[in-house]
Structures are given as structure tokens and as C-alpha cells.
Amino acid sequence: MNITTEQMRFWSPEVRELEPYVPGEQPQIQNLLKLNTNENPYPPSPRVVEAVQKVLANSADVLRLYPDPEAVELKQAIAKQQAVALENVFVGNGSDEVLAHIFKAFFVQEKPILYPDITYSFYPVYSQFFGLGSHTKILPLNDDFEVVVDDYKQPNGGIIITNPNAPTSIALGVSAIEEILQANPDSVVVVDEAYVDFGAESAVPLVEKYENLVVCQTTSKSRSLAGLRVGFAIAQPHLIAALEAVKNSFNSYPIDRFAIAAAVASFEDQPYFEEQISKVIASREKLVAQLTEIGFKVLPSSANFIFATFASKEASELAAELREQGVIVRYFNKPRINQYLRITIGTDQQNQRLIDTLKNKILV
């Protein structure tokens with residue numbers, strides 16, 4: 001939609017300047033192989049569908065009445081699975097909303113917020129949205145796309161790091177996270193673990209030890225619940241209280257009854273969860289080997305996606321040619337990473353279609 005400057009006179013001045021987050025494409029194309037938004041290729045636990053159906057079958061009143069604003073049942077399930085206390089858990093409408101509350105609760109202050117130059121692209125959006133543009137300090141990853149721990153040992157008003165990082169897929173060890181925590185006892189350090197279940201080590205066990213740590217996770221990736229939008233944070237109670245205050249000043253009923261029931265069922269079916277994770281990891285390693293064999297350089301991945309480059313062809317051209325063949329991957333036209341493609345891990349069959357398309361129709 002084209003909006004004129006004249007029409008924009010109704011907008012708040014801050015909104016006129018916003019550069020919104022651009023979500024992954026959701027095209028409606030027949031026979032599409034969609035490897036661009038890091039969705040899990042496998043369905044959620046069968047218990048999830050049963051739980052949702054049970055909610056509606058019990059009584060039509062579930063649609064007339066508000067859900068539990070505290071989502072206690074869900075918090076209990078998360079607390080049990082994460083081996084933390086109930087008061088350590090905060091839940092929200094997807095981890096993006098949880099992250100927005102985190103920015104508002106901890107980062108709106110005079111000291112600069114620190115995060116990497118290559119990271120989840122919602123962070124710059126939130127920085128602008130909450131008026132932190134002049135209070136944000138972007139720190140470059142090194143030449144191997146790794147976080148430089150020593151860079152985070154400087155005065156700041158908060159730190160946020162995606163681990164494993166997106167879109168690079170590289171994980172930072174827990175010892176490095178602990179080093180950052182120890183160097184910043186008076187700042188909140190946020191570890192965004194959207195992809196942690198696919199091979200990285202979680203920082204959740206550090207929560208009991210560090211009063212300045214917030215760990216954010218989601219059910220969208222590893223639990224195949226992207227369509228229901230359930231995210232959560234783990235932290236000590238004094239930080240959870242700040243998030244609750246922000247939540248209840250914005251949307252006091254963020255999670256509906258169906259999402260609560262579905263997420264609880266997912267957390268209660270740990271064997272199914274672990275089985276699907278193992279399949280994704282095995283498919284990832286197989287795909288990395290296949291891409292390497294045909295000339296790609298692939299960064300070490302601890303996520304359900306890989307970040308790959310092909311020296312003899314522009315990444316933008318590769319993405320466009322794959323799209324012509326019905327294969328969608330994510331291309332970022334940004335400094336330092338504009339020769340890389342982010343490729344979601346599919347099933348072995350889906351990944352093989354990607355390889356066959358590259359070998360037989362593009363790299364010939």
C-alpha cells in the first residue's frame with residue numbers, strides 16, 4: 001500500500017520514522033518448498049491436537065470467558081520442564097512479545113544497550129520503537145561471525161544476545177555467557193534462546209546464580225507451535241515482576257485457552273519432543289555434508305537452520321533461482337552477510353529436493 005506524506009499527517013511522529021521488522025515470506029505457491037522461516041518440518045505432539053479439541057469439547061463457555069491472565073497451568077508445565085520454580089517463569093504471546101516487554105522493562109534508560117551487529121533483526125526495531133536509537137551500541141562479531149566476549153565488558157544499560165545466533169546459527173558457550181554476566185553485575189543480560197534446543201547449551205541453569213539474567217525461549221521452533229504464539233522467559237522473581245508489570249499495562253490476557261492447553265500438552269510430552277529434535281539435528285548434519293560436497297561453505301550450526309555461502313555465485317541470484325524452482329530460502333541484503341543464505345532444515349526428503357535442485361538446475 002502506498003501512503004502519501006499528506007496521509008501520514010495523522011500518524012504519530014515516531015511512527016512515521018519506524019522501520020518495521022520484515023517477517024519471513026509466507027507465499028501461497030503450489031508445490032512450494034518453504035525453507036525460509038525456520039519452522040519445524042514435523043507436526044507438534046499428537047497430545048497437542050487432543051488438548052485443543054478437549055478445550056472446545058468441554059464447554060462453549062471457553063470462548064465466552066477470558067482465559068487465565070496468569071496462565072498458571074502453563075507456567076507450571078514450563079517450570080517443571082525447565083527445572084525452575086513457578087515464580088521464575090513469565091509467559092507471553094510468542095517470544096517476540098516477551099522480548100518487547102523485556103526491552104520496555106529493562107532497557108529504556110540512559111546507558112547504551114549492547115548487542116551484535118549481526119543478530120535477530122527485531123532488536124534494532126525494538127530499539128527504535130522504544131526510543132533507544134541514541135542509546136544503542138552495536139558491537140561487531142569477529143571475522144568468524146562469533147561474539148567477542150570482551151566487547152561486552154564496558155559500561156552499558158543492558159545486553160541482549162541471541163544464542164544460537166540468528167541468522168548465523170553459531171552458538172556461544174555457557175562459560176562465555178557467564179563471563180559476560182560476571183562482568184555486568186548491574187545490567188540485565190538477556191539470552192534469547194529461540195533455537196537452543198537444536199544443539200546449544202541453555203543458560204537457564206545460571207538463573208539461580210545470577211540476579212541479572214533473563215533467558216527467553218519459544219515454543220514456535222522446537223515444539224512446532226509457531227501457529228499458536230507462546231513464548232516465555234526464565235529469571236529471578238524480581239525481574240519476572242517487572243515483566244508482569246509491563247504485561248499487565250499492555251495486554252493482561254496475552255495467551256488464549258487453546259494456546260495454553262496446547263503448550264501444556266507439548267511440555268508434558270517430552271519423549272516426542274526429543275524424538276523430533278533428534279530428527280532435525282540428524283537432517284541438519286546430513287544437509288551440511290551434502291552442501292559442502294557441492295561447494296558451499298556452511299557455518300557451524302546449533303540451530304534448525306544453516307547459514308551458507310557459495311563463492312562462485314551471488315547469494316541473491318541463488319535465492320532468486322531457487323525461488324523460480326519453487327524453493328524459498330532467506331536472503332538478507334545486509335552488510336557482511338549479503339553473500340549468505342539462511343536455509344531452514346526440512347525433512348530429509350525436502351532437503352534432498354533442495355540439493356537436487358541446486359545440482360541439476362542451478363549449479364550446472
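**Exercise 1. Against which strands do the buried residues of α7 pack?**

Before the solution, some conventions apply: this is a predicted model, in which local features need pLDDT of at least 70, side-chain atom pairs count only at pLDDT 80 or more, and totals for chains, interfaces and linings use all residues. Residues are numbered from 1 along each chain as its sequence is written, and side-chain values use heavy atoms, with hydrogens and water left out.

Solution. Begin with the burial of helix α7 (residues 174-183), in which Val174, Ala176, Ile177, Glu178, Ile180 and Leu181 are buried; here buried means under 20% relative accessible area, exposed over 50%, and partly exposed in between, with a 1.4 Å probe and protein chains only. Helices (H or I, at least four residues) and strands (E, at least two) are DSSP runs numbered from the N terminus. The buried residues of α7 then pack against β5 (158-162), β6 (189-192) and β7 (213-218), where contact means heavy atoms within 4.5 Å.

**Exercise 2. Describe the open sheet of five strands and the helices that lie on it.**

Solution. First write down the strand order, which is β1-β11-β12-β10-β9 with mixed pairing; two strands pair if DSSP finds at least two bridges between them. The edge strands, each pairing on one side only, are β1 (33-35) and β9 (296-298), and the twist averages 35° from one strand to the next.

Next take the pairings of β12 (residues 340-344). Strand β10 (residues 305-310) is joined to β12 by five bridges in the antiparallel sense, with isoleucine 306 opposite isoleucine 343. Strand β11 also runs antiparallel to β12, through two bridges, and arginine 330 stands opposite arginine 342 there.

Finally add the helices. Helix α10 (residues 270-293) lies across β9, β10 and β12 and runs at about 145° to β9, whereas helix α12 (residues 348-362) touches β1, β9, β11 (327-331) and β12, its direction making about 100° with that of β1. Axes are lines fitted to C-alpha atoms, for helices over the stretch in contact, and angles run from 0 to 180 degrees between N-to-C directions.

**Exercise 3. Determine how β12 is enclosed and where its side chains point.**

Solution. Five of the five residues of β12 are buried, so the strand is largely enclosed by the rest of the structure. In a regular strand the side chains alternate between the two faces of the sheet. In β12, Tyr340, Arg342 and Thr344 point one way, while Leu341 and Ile343 point the other way.

**Exercise 4. Locate valine 329 and leucine 74 relative to each other, and give their surroundings.**

Solution. Valine 329 belongs to strand β11 and counts as buried because its relative accessibility is 9%. Leaving aside residues up to four places away in sequence, valine 329 touches Leu35, Asn36, Ala319, Leu322, Leu341, Arg342 and Ile343.

Leucine 74, with the same exclusion of residues up to four places away in sequence, touches Val91, Val230, Ile255, Ile260, Ala263, Val264 and Phe267. From C-alpha to C-alpha, valine 329 and leucine 74 are 33 Å apart in space, and they are 255 residues apart in sequence.

**Exercise 5. Which residues have the most contacts inside the largest nonpolar core?**

Solution. A nonpolar core is a set of buried Ala, Val, Leu, Ile, Met, Phe, Trp, Tyr and Cys residues joined through side-chain atoms within 4.5 Å. The largest has 56 residues, and those with the most contacts inside it are Leu74, Leu213 and Ile234. Helix α9 (residues 257-268) gives the most to this core, with eight residues. A second, separate core of 33 residues includes Ala166, Leu318, Val327 and Leu341.
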